[in-house]
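Subject: Structure handover

Hi,

Here is the structure for you to look over. My notes on what was found follow below.

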Amino acid sequence: MDDLRQKYLTAIDGASDEAALEELRVQAVGKKGEISLKMRELGKMTPEERQVAGPALNALKDEINSALAARKAALGDAALEERLKGEWLDVTLPGRRRPMGTVHPVSQVTEEVTAIFADMGFAVAEGPQIESDWHNFDALNIPDHHPARGEMDTFYMHRAEGDNRPPHVLRTHTSPVQIRSMERQGAPLRVICPGRVYRADYDQTHTPMFHQVEGLAVDTDISMANLKWVLEEFVKAFFEVDGVELRFRASHFPFTEPSAEVDIRCSWEGGQLKVGEGDDWLEILGSGMVHPKVLAAGGIDPEVYQGFAFGMGIDRIAMLKYGIPDLRAFFDSDLRWLRHYGFASLDQPTLHGGLSR
Ligand code: PHE
């Protein structure tokens, strides 16, 4: 028995994997294993012999089984140890650069615009893209059958049969957020409202969904001069140059009086759009002094308060600043375009850190 113990314990200790261990288990304590066969011989022994040999064989069997289990656990630990060594990773190393997504020019420019106006004390306000007919038109002094409704190429929401209320619309501009901000906050008030707007129109500088940013400042002493200063400051900061020429053109909007449209000097030479030079002008915004009826619709007393408002095309100024000639490509989701015109995803535009680099 001592020979058997010696033989198996040594072999188990030296087994290098689970398969070898299993082989040893079968040889020693399997049905036809050496120790099992010895146990069968117990029947032929005298009772005295059996009393000694029985417990000793059982003890040997137990000892071998425990040695097998211990060796198996050790082999498992070693395998785990090996794997951990192979998969070891220093999480304190700097990140590896991988090809990654980019920030869309519209998002980038929205961030830039927000940073500039935040610096001038404007908060960001939002409103729904599916807007009531009242907020999008009536409250902005565009009554039913007003020609401006026709000019806007409005998308109307479906109306249930028998429902005679005016249908909701996909907002045609961000101006309804003027009304919502006045309702929500009252005066004085200084907000910008960036967001999506919709009109049925499609060519090189128009897409049926595009982006505007509305500006609204209401107080007791706001004038057209304030509007002009704010817009000129904005354009200087946004285009990151001093010499950008703006053209204020007298215009008409139902919700402002007086009204002005603002164009920016640019050139389109060889299909390349450049800002600040050339003989062309690109319209970038509409603006004016808020109409008294609009202040009243927003719950603000026009006898006490006045304000200026403007609505600017975000996509338009993105095209200008980054020399992107066709607006339609903005919304094609072409990865080659996005990689070319997109911005690094970790660069946050700020005035102190630089807007676009
Ligand atoms: N809502 C106008 C448009 O979409 C722009 C505008 C906004 C004009 C505010 C004046 C004041 O064309």
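The centres of domain 1 and domain 2, taken over C-alpha atoms, are 84 Å apart. Domain 1 covers 2-86 and domain 2 covers 104-344; these bounds come from an automatic or database domain assignment.

Before the details, two notes on the model. It is predicted, so local features need pLDDT of at least 70 and side-chain atom pairs pLDDT 80 or more, while totals for chains, interfaces and linings use all residues. Residues are numbered from 1 along each chain as its sequence is written, and side-chain values use heavy atoms, with hydrogens and water left out.

Now the ligand. It is surrounded by 14 residues (a heavy atom within 4 Å of the ligand). The closest are H173, S175, R199, Q212 and G311. The shell splits into four nonpolar, eight polar and two charged residues; Gly is counted as polar, and Asp, Glu, Lys and Arg as charged.

Three side chains make polar contacts (a pair of N or O atoms within 3.5 Å):

- R199 to a ligand oxygen, 2.8 Å
- S175 to a ligand nitrogen, 2.9 Å
- Q212 to a ligand oxygen, 3.0 Å

The ligand alone exposes 320 Å², and the protein buries 92% of that (Shrake-Rupley method, 1.4 Å probe).

On strands (DSSP runs of E, at least two residues): β5 (209-219), β9 (280-290) and β10 (306-313) each supply at least two shell residues. β10 gives the most, with three.

Best wishes

Key
Polar contact = N/O pair within 3.5 Å; in protein donor to acceptor, adjacent residues only side chain to side chain. Helix = DSSP H or I, 4+ residues; strand = E, 2+ residues; numbered from the N terminus.
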